[in-house]
Every structure is written in structure tokens, then in C-alpha cells.
Amino acid sequence: MGRQDSFTEHEAVLLLDAYLKTISGEMSRKEAIERCSNDLRHLAAENGAVIDEKFRSLSGVSSQMMRMESAYCGKTVALASTRLFIEIVSIYNSNPEKYERLLIEAKQMMNPKNI
């Protein structure tokens, strides 16, 4: 399989949420990566995507979390951030209501039967 699809806005919000749980001490980084990987895979499957074992894998999510960390810190920590991740962190910082709405939407998209 070639290059993975870019993250969507909702996936990026779930990734930032997982990262925030690591810095608050709510979860270890390993736990957050595992949960986020599962959530992203579930989100894709619920929305009709055909996924394989590499799609949003633990190693891939770990790399993306390093990019999100760079966006959150405002400088490259381990890997350079992406434009989308910088935008999501900006929304988190400047418009918490919009961030929460996006996070709720992402969680609802993972489990559309509960909407």
C-alpha cells in the first residue's frame, strides 16, 4: 500500500484530544496512541472506508502525534507539523467552542447509531 491519506479535520481533533490527555497525565503516551489508533480506524470503518492493518497503525499514529506535539508547542519538536494540525491547535486555543463541537462531531461519527 502506498502513502496514507491525509488526516481529516475530525481525525486531527481526535489526535489533539489524545495528545492533550498525555500532557494532562490522564493517559500515558502509549495508551493515548493505542486509543487514538483504534478510534481513527473505527471512524474510518463507520464512514465506509476500506482499511487494512497499516491504516492509522500504532506506528503511524505515533508519528502523527509527534507532528501534533510540534503544532501544540509552536515549534518542531521531533517531526515538523502539518498545516492542518497547526490549524486545529489554533482553533483549540482561540475558539474552544468550535473545537468542542468538532470533537463531539468526531465522536458521533465513530458511533452514528447513538446520534
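This report walks through the helices, core and selected side chains of a predicted model.

## The nonpolar core

The largest nonpolar core holds 29 residues. Leu15, Leu16, Met68 and Phe85 touch the most other members. Five helices each supply at least two residues of this core: α1 (9–23), α2 (29–46), α3 (58–73), α4 (83–94) and α5 (96–110). α1 gives the most, with eight residues.

Met68 shows how the core is knitted together at one position. Setting aside residues up to four places away in sequence, Met68 touches Ala12, Leu15, Leu16 and Tyr19. Met68 also touches Phe85 and Val89. Among these partners, Leu15, Leu16 and Phe85 share with Met68 the distinction of touching the most other core members.

## Helix α1

α1 has 15 residues. From first C-alpha to last, α1 reaches 21 Å, close to the 21 Å expected at 1.5 Å a residue. The helix is mostly covered, with 13 of its 15 residues buried. α1 is also the helix that gives the most residues to the largest core.

After α1 comes Gly25. The phi of Gly25 is positive, near 90 degrees.

## Helix α3

α3 has 16 residues and spans 22 Å between its first and last C-alpha atoms. That is close to the 22 Å expected at 1.5 Å a residue. Its buried residues are Val61, Gln64, Met65, Met68, Glu69, Ser70 and Ala71. The list includes Gln64, Glu69 and Ser70 alongside Val61 and the two Met residues, Met65 and Met68.

These buried residues pack against α1, α2 and α4. α3 is followed by Gly74. Gly74 has a positive phi, near 80 degrees.

## Aromatic pairs

A search of the whole structure finds three aromatic pairs. One of them joins Tyr19 and Tyr72. The geometry is edge-to-face, at 5.5 Å centre to centre and 65 degrees between the planes. Tyr19 lies in helix α1 and Tyr72 in helix α3, so the pair ties together parts that are 53 residues apart in sequence. Tyr19 is buried, at 3% relative accessible area. Tyr72 counts as partly exposed, at 32% relative accessibility.

Tyr92 and Tyr99 form another edge-to-face pair. Their ring centres are 5.0 Å apart, and the planes meet at 80 degrees. Tyr92 is partly exposed, with 27% relative accessibility. Tyr99 is buried, with a relative accessible area of 3%.

## Where α4 meets α5

α4 and α5 pack at an angle of about 120 degrees. Their axes are 5 Å apart. The two helices are therefore oblique to each other.

On the α4 side, the contact residues are Ile91, Tyr92 and Ser94. They meet Pro96, Lys98, Tyr99 and Leu102 in α5. Tyr92 and Tyr99, the edge-to-face pair, appear on opposite sides of this contact.

## α2 and the loop to α3

Ser37 sits in helix α2. It counts as buried, at 3% relative accessibility. Leaving aside neighbours within four places in sequence, Ser37 is in contact with Arg56, Ser57, Leu58 and Val61. Val61 is one of the buried residues of α3.

Arg56 lies in the loop between α2 and α3. Arg56 is buried, with a relative accessible area of 4%. Its phi is near 50 degrees, a positive value in a residue other than glycine.

## Arg41

Arg41 is found in helix α2. At a relative accessible area of 24%, Arg41 is partly exposed. Neighbours within four places in sequence aside, Arg41 is in contact with Ile51, Asp52, Glu53, Phe55 and Arg56. Arg56 is thus a contact of Arg41 and of Ser37.

Arg41 and Gln108 are 67 residues apart in sequence. In space, their C-alpha atoms are 14 Å apart.

Definitions and conventions. Residues numbered from 1 in each chain as written. Predicted model: local features only at pLDDT ≥ 70, side-chain atom pairs only at ≥ 80, totals over all residues. Heavy atoms only, no water. Core = buried A, V, L, I, M, F, W, Y, C linked by side-chain atoms within 4.5 Å. Buried < 20%, exposed > 50% of the residue type's maximum accessible area, 1.4 Å probe, protein only. Helix = DSSP H or I, 4+ residues; strand = E, 2+ residues; numbered from the N terminus. Contact = heavy atoms within 4.5 Å. Expected span 1.5 Å × (residues − 1). Phe/Tyr/Trp six-rings, centres within 6.5 Å; stacked < 30°, edge-to-face > 60°. Axes fitted to C-alpha atoms, helices over the stretch in contact; angles between N-to-C directions. Parallel < 35°, antiparallel > 145°, perpendicular 65-115°, else oblique.
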